[in-house]
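Subject: Structure for you to look over

Hello,

Here is the structure I said I would pass on. My notes on it follow below the sequence and coordinates.

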Amino acid sequence: MNRIFATSLLALTLAACGGGDDAATDETNLEVATPPASGEAENGMDADATQASFTLEDAMEGSWRNPKEIARDEYRNPAETLEFFGIEGDDTVMEIWPGGGWYTNIIAPWLHANGGTFIAAVISPDRSDRAAEALEAYQANYSPFPDLFGELQYTYYDSASGPLGEPESVDAIVTFRNIHNWMGGDHADKFFNDAFAVLKPGGVLGVVEHRLPSALNQDPSAPTGYVHQDYVTRLAEEAGFVFEEASEINANPADTADHPFGVWTLPPVSRTTDREGNTPEGFDAAEYQEIGESDRMTLRFVKPADGETPAEPEMMEDATEE
């Protein structure tokens, strides 16, 4: 199972936080229930565990998660986030651009144990060698362990991809810290339209993104990695979604979003130089470590059920989006 950790690191190394199609982001001694296995279980797998007994919290405690992943739980709050999105264990869930699989390592075992289906939407390997290598590394994490993760399904999302799947076939779509990438690649609107098409009526779109304070101007290409919450909401509503609720689960009030290397100044990237290798005078890396990971919006959108008409989005007179 240690191979999972090694290939996850490869996928994360290949991933980059920047615009375009090659840029895919990133990406707890209790006895707990574990996903049911069809035969003799390995690595602490309990073949007697029932579907109903395996929870998100159990997945978070899984032995397949390495210490570096677990250390980020305090900032990413996976169980609370997925519960806020309203995802059920028997849902068909699609994660867009799962990176190295941080969330996959929680969602996939939980869904598999409870009768659900996990779909990873990745950049097409035909787009570049880098995309092909990232997909190979990601698949190597999961295909050898179907008793734990299930048989993951795959589809493609990038600036030139086709439909994410059959229309109205998915219960929930989630994406974590990716909107800025699609803004940088000028296809954020495509993402919301594609997501709307594949979701079932009443289906949920859950978004977590680095949050830009409303007092700061929004660059449409999001070069700092931060995005206005109203900007994300507007994109979703223009695609037909209804904004249902926002949560402060992943908020960090210590983050001003004003850093020399954008969001990547903060953990987990903790950049200390620009792309030319320059460090600003007086730069103190410890200051940014103390802040922790970024302030993040956590938003739940819903595709209206058949027969429902979404309300017209309100136009804010003092909106700063460009």
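Strand β1 is covered on both faces: Thr92, Met94 and Ile96 are buried on one side, and Val93 and Glu95 are buried on the other. This is a predicted model, so please read everything here as computed from it. The split between the two sides follows the usual pattern, since side chains alternate between the two faces of the sheet in a regular strand. With 5 of its 5 residues buried, β1 is largely enclosed by the rest of the structure.

β1 has a parallel partner in β2, with 5 bridges between them. In that pairing, Glu95 stands opposite Ala120 of β2. The connection from β1 to β2 passes through α6, and this β-α-β crossover is right-handed. β1 also runs parallel to β4, to which 3 bridges join it. Here the bridge partner of Met94 is Ile173 in β4.

The whole sheet is open and has 7 strands, in the order β3-β2-β1-β4-β5-β7-β6, with mixed pairing. β3 and β6 (242–247) are the edge strands; each has a single partner, so one side of each is left without a neighbour in the sheet. From one strand to the next the twist averages 20 degrees. At the β3 edge, β2 and β3 are parallel and joined by 4 bridges, and Ala121 stands opposite Thr155 in β3.

Two helices that lie against the sheet are worth a look. α10 (residues 188–198) packs on it, touching β1 (92–96), β4 and β5, and its direction makes about 145 degrees with that of β5. α11 (residues 229–238) lies across β5, β6 and β7 (296–302), and runs at about 20 degrees to β7.

The crossover helix α6 is also well covered. Of its 10 residues 9 are buried, so α6 is largely enclosed by the rest of the structure. The buried ones are Thr104, Asn105, Ile106, Ile107, Ala108, Pro109, Trp110, Leu111 and Ala113. After α6 comes Gly115, which has a positive phi, near 90 degrees.

Next, the nonpolar cores. In soluble globular proteins, nonpolar side chains tend to be buried together. The largest core here has 35 residues, of which Leu82, Phe85, Ile87, Phe118 and Phe149 touch the most other members. Two or more residues each come from α2 (56–60), α5 (78–85), α6 (104–113), β2 (117–122), α7 (129–142), α8 (146–149), β4 (170–176) and β5 (199–210). α6 gives the largest share, 6 residues. Another core, of 33 residues, lies apart from this one and includes Ile119, Ala195, Leu205 and Phe241.

Which residues does Ile87 contact, leaving aside neighbours within four places in sequence? They are Leu82, Val93, Trp110, Ala172 and Val174.

Last, a residue on the outside. Ala160 is in the loop between β3 (153–156) and β4. Its relative accessibility is 53%, and exposed means over 50%, so Ala160 counts as exposed. Ala160 and Arg127 are 33 residues apart in sequence, with their C-alpha atoms 9.0 Å apart in space.

Regards

Terms used. Residues numbered from 1 in each chain as written. Predicted model: local features only at pLDDT ≥ 70, side-chain atom pairs only at ≥ 80, totals over all residues. Heavy atoms only, no water. Core = buried A, V, L, I, M, F, W, Y, C linked by side-chain atoms within 4.5 Å. Buried < 20%, exposed > 50% of the residue type's maximum accessible area, 1.4 Å probe, protein only. Contact = heavy atoms within 4.5 Å. Pairing = 2+ DSSP bridges. Axes fitted to C-alpha atoms, helices over the stretch in contact; angles between N-to-C directions. Right-handed = clockwise from strand over helix to strand, strands pointing away.
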